[in-house]
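Visitor: I should like to learn how to read a protein model. May we begin with a single residue and then turn to the whole chain?

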Amino acid sequence: MPLITWDNKFSVGVKAIDDQHTVLFGFLNDLHDAMLKGEGSKMTGPLLKKLADYTRTHFVEEEKMMAAANYPRLSEHQAKHRELMKHVDAYALRFEHGEATLNLHLMNFLRDWLTTHILKLDHQYGHCLNEHGIK
């Protein structure tokens, strides 16, 4: 059973970003599946790295689009991106040193952060990007 399922309510109205968000949902579901199958300790390192790397790439692409559209809340949005990456990087480091395990608390944090971020912050820029020809 997936931890999170893509639904049109998550769409920001920009295809490239929606596509990237669905990939992020997939990575979270892969981590969740590994945890449920008891493969968390074996799979978490590589999956967490893939999630972190892809999230960074996504944030860069998203921020480029916002900059191209002169989105007025870009710096606030970038700060939220940095905040999440700080949490993910700290967790990944703790995991690498054997100080943390994959658990439901982490999965729920990542799911809730992603869905809240998309629904509250990302939805704010969709119209601005569309007005600047980014669809």
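Guide: Let us begin with D18 in this predicted model. Leaving aside neighbours within four places in sequence, D18 is in contact with W6, F10, S11, V12 and G13.

Visitor: In which helix is D18 found?

Guide: D18 lies in helix 1, which covers residues 15–36.

Visitor: Is D18 buried or exposed?

Guide: A residue counts as buried when its relative accessible area is under 20%. D18 is buried, yet it has no salt bridge. The nearest side chain of opposite charge belongs to K15, 8.2 Å away, whereas a salt bridge requires a nitrogen and an oxygen within 4 Å.

Visitor: What share of the residues in the protein is buried?

Guide: Of the 135 residues, 44% are buried. As for the surface, the protein exposes about 7,400 Å², and carbon and sulfur atoms supply 55% of that area.

Visitor: How many helices and strands does the protein have?

Guide: There are four helices and zero strands, so the order from the N terminus reads α-α-α-α.

Visitor: How does the radius of gyration agree with that of a compact globule?

Guide: One compares the value with that expected for the chain length. A compact globule of 135 residues would have a radius of gyration near 14 Å, and the protein has 15 Å, which agrees. Along its principal axes, the C-alpha trace spans about 45 × 30 × 20 Å.

Visitor: How far apart in sequence are the residues that contacts join?

Guide: Among contacts between residues at least 6 apart in sequence, 75% join residues at least 24 apart.

How values were computed: Residues numbered from 1 in each chain as written. Predicted model: local features only at pLDDT ≥ 70, side-chain atom pairs only at ≥ 80, totals over all residues. Heavy atoms only, no water. Helix = DSSP H or I, 4+ residues; strand = E, 2+ residues; numbered from the N terminus. Rg over C-alpha atoms; globule rule 2.2 N^0.38 Å. Buried < 20%, exposed > 50% of the residue type's maximum accessible area, 1.4 Å probe, protein only. Contact = heavy atoms within 4.5 Å. Areas by Shrake-Rupley, 256 points an atom, 1.4 Å probe, with all protein chains shown as cover. Lys, Arg positive; Asp, Glu negative; His and termini not counted.
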